[in-house]
Amino acid sequence: MTDDLLARHRAVLPTWMPLYYGDEPLEIVSGSGRRVVDAAGRSYLDFFGGVLTNMIGYDIPEISAAVSEQLATGVVHTSTLYLIRQQVELAEKIARLSGIPDARVFFTNSGTEANETALLMATNIRRSNQILAVKNSYHGRTFATMAITGHRSWSASSLSPLQVAWLPSGDRVRGRMRGLSDADHVEVAVDELREVLATVTAGDVAALIAEPIQGVGGFVHAPDGLLGAYKKELDAHGILLIADEVQTGWGRTGDHFWGYQAHDVEPDLITFAKGIGNGFALGGVVGRADVMNAVPAISFSTYGGNPVSTAAGNAVLDYLLDHDLQANARRVGAILLDGLRAALASCSIVAEVRGRGLMIGIEFVRPGGNEPDPAAAVAVFDACRRCGLLVGKGGLYGNVLRMGPPLTLTEDEAREGLAILVEAIRTVDAAAM
């Protein structure tokens, strides 16, 4: 059945849509909690959650009940030309949690659309198409979001409606920030921002968009406080700050509800998606009222904020807060991060274990240096699957394992996954020596 489905997939879907595991991809047919089952009946502990999207896990009664209740009304869609109670309720909650006074919320279908919307707002209020973005970033697959994506593998076109200037990433393994202390890193990065503004822009830059922790980029992140240091310089020029929280939001980092909160800063706009829908298509932007209201024409998203997705979003957010999943992410994430760092400290193929809460990356290199080793990453990736653990991949060179388990992950499940990871990495490391 799997082979037949793979052939059918290849016959009708484009070649640039990747499938994990090559010629033996998975068809996931059921799930419960943090575990999924494939078409062959094999169970896996899921440490990737549909690319950090199944934030609460699988088959959650509270979410199923909220969606079923809405479906029972017979109304799946009305469009935002009519009042939608679930949309208003969810917007009220997100505005309150955003940390932005007098905030407004606009709902979309995805993180890509959310980032497009934020760019629309920022460029309108600033009357400029100049954007600052960060190398190694990922912000989406549409025309404008590809232009601000600083990751070659995901940039399918050089054509752009924007003029983009680039700031350095927070990579500590290689590049100009390698070996710097946190304080020196921040100082060098702010100096670079000043130089970019003075040399390669026309002065009237609209916004800086940045992920507090880079997702597709392999969970690379700069020192705490950098975005706050940037914002002081941005404010002097009237430049807005957009925090792309598509992967870092909703308490995933453990220490904070939003990733930006590690940086002593208040963004002008925050984009969100993925986890808030727990698999239902839901994203959006929350931000300052004057910026959100800056679009000088009628606009809406046909399916954005529809009754079913926002019913799910309300249930997800209520569950998240009622069960204090941010605290769980901090506690269970520490088991994984501390355990990985201790077990892999002498591993020759591991350059860095990094992340925060339940957002964890492991970067693989060739023994004796910092040359990226995507083959080692793939070997560990495949070994994890054989042992019943699903993880993700990423990084600029494809050499980083990415883990973003559901925030409901238990301590026992964390230790189970940790044991599989350590054994897989040690086996691949031994073969590389």
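Is R341 buried, exposed or partly exposed? In this predicted model, R341 counts as partly exposed, because its relative accessibility is 40%. This arginine sits in helix α11, which runs over residues 325-343. Leaving aside residues up to four places away in sequence, R341 touches V353, R354 and G355. Looking back along the chain, H323 lies 18 residues from R341, and the C-alpha atoms of the two are 28 Å apart.

Next come the cysteines. A disulfide is a covalent bond between the sulfur atoms of two cysteines. How many disulfides does the structure hold? The count is zero. C347, for one, is in no disulfide: the nearest cysteine sulfur belongs to C384 and is 13 Å away. C347 also counts as buried, because its relative accessibility is just 9%, and the cut-off for buried is under 20%. What about C387? The closest cysteine sulfur to that of C387 is again in C384, but the 7.2 Å between them is too far for a bond. To count as a disulfide, the two sulfur atoms would have to be within 2.5 Å.

Helix α8 is worth a look too. It covers residues 226-237, twelve residues in total, and spans 17 Å from its first C-alpha to its last. That is close to the 16 Å expected at 1.5 Å a residue. Which residues of α8 are buried? They are L226, L227, G228, A229, Y230, K231, E233 and L234. An α-helix has 3.6 residues a turn, so residues three or four places apart point the same way. The buried residues of α8 pack against several elements: the strands β5 (130-134), β6 (163-167), β7 (207-210) and β8 (240-244), along with helix α7 (182-199). Right after α8 comes G238, with a positive phi near 75°.

The last stop is a pair of helices, α12 (residues 374-386) and α13 (residues 411-432). Their axes come within 9 Å and cross at roughly 135°. That angle makes α12 oblique to α13, because only angles over 145 degrees count as roughly antiparallel. The crossing of α12 and α13 is right-handed. Where do the two helices meet? On the α12 side the residues are A376, A379, V380, A383 and C384, and on the α13 side they are I420, L421, A424, I425 and V428. C384 thus turns up again here, in contact with α13, having already appeared as the cysteine with the closest sulfur to that of C387.

Technical notes:
Residues are numbered from 1 along each chain as its sequence is written. This is a predicted model: local features need pLDDT of at least 70, side-chain atom pairs count only at pLDDT 80 or more; totals for chains, interfaces and linings use all residues. Side-chain values use heavy atoms; hydrogens and water are left out. Buried means under 20% relative accessible area, exposed over 50%, partly exposed in between (1.4 Å probe, protein chains only). Helices (H or I, at least four residues) and strands (E, at least two) are DSSP runs, numbered from the N terminus. Contact means heavy atoms within 4.5 Å. The expected span of a helix is 1.5 Å times one less than its number of residues. Axes are lines fitted to C-alpha atoms, for helices over the stretch in contact, and angles run from 0 to 180 degrees between N-to-C directions. Angles under 35 degrees count as roughly parallel, over 145 as roughly antiparallel, 65 to 115 as roughly perpendicular and the rest as oblique. A crossing is left-handed if the near helix is turned anticlockwise from the far one by less than a right angle, and right-handed if clockwise.
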